[in-house]
Amino acid sequence: MNNINPKCENGQQHPFVNAENKYFLCCWLAAHRDLKNLEEFFADPNWLNKIDLTNYSLEEVETYYQKVRLSWNSQNCLSTCKEYCSNINSNDARKILI
Ligand code: SF4
């Protein structure tokens, strides 16, 4: 469907922890624009708290991120993942949409 080849799963990207101890599956998720995408995706007023390693264990935060992983093969795929880790490049994607 989205043809996601997740770089965070194949060693091309690594988890990122920002200065506020928030954990991200990759540094792209933490960029300002993509942070907004993630906020909208989780649709959870406590999402920033739930990715905070000060409050939760790594295992708990990883479990919270399951929603992102499950999105890869769904219609609700996180847009950042589509943009950075889709095997369909933008030209191909446009052809498919036409
Ligand atoms: S953009 Fe998404 S799929 Fe790609 S490395 Fe980051 S979290 Fe993983």
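How do the residues of the shell around the ligand divide into nonpolar, polar and charged, and what number falls in each class? The model is a predicted one, in which local features need pLDDT of at least 70 and side-chain atom pairs count only at pLDDT 80 or more, while totals for chains, interfaces and linings use all residues. Residues are numbered from 1 along each chain as its sequence is written.

The protein contains 7 helices and 2 strands, assigned as DSSP runs numbered from the N terminus (helices: H or I, at least four residues; strands: E, at least two). Along the sequence their pattern is β-β-α-α-α-α-α-α-α.

Of the 98 residues, 21% are buried, that is, have 20 or more other C-beta atoms within 10 Å of their own, with C-beta atoms placed from the backbone. The largest nonpolar core (buried Ala, Val, Leu, Ile, Met, Phe, Trp, Tyr and Cys residues joined through C-beta atoms within 7 Å) has 18 residues, of which Leu25, Cys26, Leu29 and Cys81 touch the most other members. Two or more residues of this core come from each of β2 (23-24), α1 (27-30), α2 (32-42) and α6 (79-85). Beyond its neighbours within four places in sequence, Cys81 is in contact (C-beta atoms, placed from the backbone, within 7 Å) with Ile4, Pro6 and Trp72.

Cys26 and Cys81 also belong to the ligand shell, where they come nearest together with Pro6, Cys8 and Cys85; a residue is near if its C-beta atom, placed from the backbone, lies within 6 Å of the molecule. The largest contribution to this shell, 4 residues, is from α6. The shell comprises 10 nonpolar residues, 2 polar and 1 charged, where Ala, Val, Leu, Ile, Met, Phe, Trp, Tyr, Cys and Pro count as nonpolar, Asp, Glu, Lys and Arg as charged, and the others, Gly among them, as polar.

Key. Buried ≥ 20, exposed ≤ 12 C-beta atoms within 10 Å, placed from the backbone. Contact = placed C-beta atoms within 7 Å.
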